[in-house]
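Here's a walk through one model, going from charged pairs to the core and then the backbone oddities. Have the viewer open and follow along.

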Amino acid sequence: MTPYSKKGFSLIEMLIYIAVVSLMMILLVNTVLSIINAYSDLRLARNIETSATVSFDRMIREIRGAKSVDMINTTFGVNPGRLVLNTTDSSGANTTIDFYVDSNLLKVKEGGVYIGPLTSSTTIITNLTYTLLSTTTSKAVKIDMGLSSTRKSTTKTGTFHDTVILRGSY
């Protein structure tokens with residue numbers, strides 16, 4: 001061994017190591033951020049889908065079981081629409097089911113008694129329009145619903161449609 005030999009890294013080797021480690025850290029941070037953004041998008045989409053599913057399931061079930069649409073209290077073709085159905089309760093007494101928007105949430109009343117919201121508090125109704133379709137033999141209600149969910153700076157929207165025949169109308 002010579003008296004002038006030194007152990008360690010040269011400056012160039014250190015700079016190369018720092019550059020490689022920095023590049024790996026940048027890739028790691030970008031990967032983590034994209035996973036977080038994908039999770040946030042998925043969560044927003046799930047909020048919208050869940051609210052739409054719960055709302056449409058309830059409205060479809062009630063429309064199919066209704067005797068008729070309360071034409072006086074229902075508002076067709078406007079946003080937000082209101083749908084009031086004439087039906088019977090579990091004991092056979094006449095009652096109404098009322099679907100309406102309040103504070104950007106779809107809410108329901110049975111027999112004038114508030115039951116609760118059908119959409120989650122993290123999802124808002126951007127559009128709710130009912131259309132009455134009528135023939136000589138039957139009646140149907142077309143539902144057009146727009147939903148939106150926001151988390152931090154990300155917003156997702158969804159549009160849903162369905163047409164339901166009133167079984168009591170034919």
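Buried here means under 20% relative accessible area, exposed means over 50%, and partly exposed is what falls in between. With that cut-off, K107 is buried, because its relative accessible area is 12%. Keep in mind that this is a predicted model.

## Salt bridges

K107 has a charged partner: D102 forms a salt bridge with K107, with the closest N and O atoms 3.3 Å apart. D102 itself sits at 37% relative accessibility, so it counts as partly exposed. In total, the structure holds 5 salt bridges.

Another one joins E62 and R58, where the closest N and O atoms are 3.1 Å apart. Why does this pairing look natural along the chain? The two residues are 4 apart in helix 1 (residues 11-65), which means that about one helical turn separates E62 from R58. Both E62 and R58 are buried. They also belong to a network of salt bridges that links R58, E62 and E110.

Then there's D98 with R82, whose side chains meet in a salt bridge at 2.6 Å, N to O. D98 lies in strand 3 (residues 94-102) and R82 in the loop between strand 1 (68-69) and strand 2 (83-88), so this pair ties together parts that are 16 residues apart in sequence. Are the two ends buried or exposed? D98 is buried, at 10% relative accessible area, while R82 is partly exposed, at 29%.

## The loop between strand 1 and strand 2

R82 shares its loop with T75, which is also found between strand 1 and strand 2. T75 counts as partly exposed because its relative accessibility is 32%. The T75 side chain reaches the backbone nitrogen of R82 at 2.8 Å. So what else does T75 touch beyond its neighbours within four places in sequence? Its contacts there are P80, G81, R82 and Y130. T75 also has a C-alpha 8.6 Å from that of T129, with the two positions 54 residues apart in sequence numbering.

P80 deserves a look of its own. A cis peptide bond joins N79 and P80, with omega at about -5 degrees. P80 lies in the loop between strand 1 and strand 2.

## The nonpolar core

Which residues touch the most other members of the largest nonpolar core? Of its 25 residues, the answer is F99, L106 and Y130. Helix 1, strand 2, strand 3, strand 4 (105-110), strand 6 (123-134), strand 7 (139-151) and strand 8 (154-165) each supply at least two residues of this core. The largest share, 6 residues, comes from helix 1.

L106 is a handy place to center your view. Setting aside its neighbours within four places in sequence, L106 is in contact with a list of residues that includes S55, M59, Y100, P117, I125, L128 and M145. F99 and Y130 are also among the contacts of L106.

## Strands and hairpins

Strand 2 and strand 3 pair in the antiparallel sense over 6 bridges. T87 stands opposite T95 in strand 3. The two strands form a hairpin with 5 residues between them, and G92 in the turn has a positive phi of about 95 degrees.

Next along, strand 3 and strand 4 run antiparallel and are joined by 6 bridges. F99 turns up again here, with V108 in strand 4 as its bridge partner. This hairpin has 2 residues between its strands, and S103 in the turn has a positive phi of about 55 degrees.

## Positive phi outside glycine

If you're screening backbone torsions, check N104. Its phi is positive, about 65 degrees, although N104 is not a glycine. N104 is found in the loop between strand 3 and strand 4, and it is partly exposed, with a relative accessible area of 39%.

K152 is another non-glycine residue with a positive phi, near 55 degrees. Where does K152 sit? Its place is in the loop between strand 7 and strand 8. K152 counts as exposed because its relative accessibility is 78%.

Note on methods
Residues are numbered from 1 along each chain as its sequence is written. This is a predicted model: local features need pLDDT of at least 70, side-chain atom pairs count only at pLDDT 80 or more; totals for chains, interfaces and linings use all residues. Side-chain values use heavy atoms; hydrogens and water are left out. A salt bridge is a side-chain nitrogen of Lys or Arg within 4 Å of a carboxyl oxygen of Asp or Glu. Buried means under 20% relative accessible area, exposed over 50%, partly exposed in between (1.4 Å probe, protein chains only). Contact means heavy atoms within 4.5 Å. A polar contact is a pair of N or O atoms within 3.5 Å; within protein, one must be able to donate a hydrogen and the other to accept it, and residues adjacent in sequence count only if both atoms are side-chain atoms. A nonpolar core is a set of buried Ala, Val, Leu, Ile, Met, Phe, Trp, Tyr and Cys residues joined through side-chain atoms within 4.5 Å. Two strands pair if DSSP finds at least two bridges between them.
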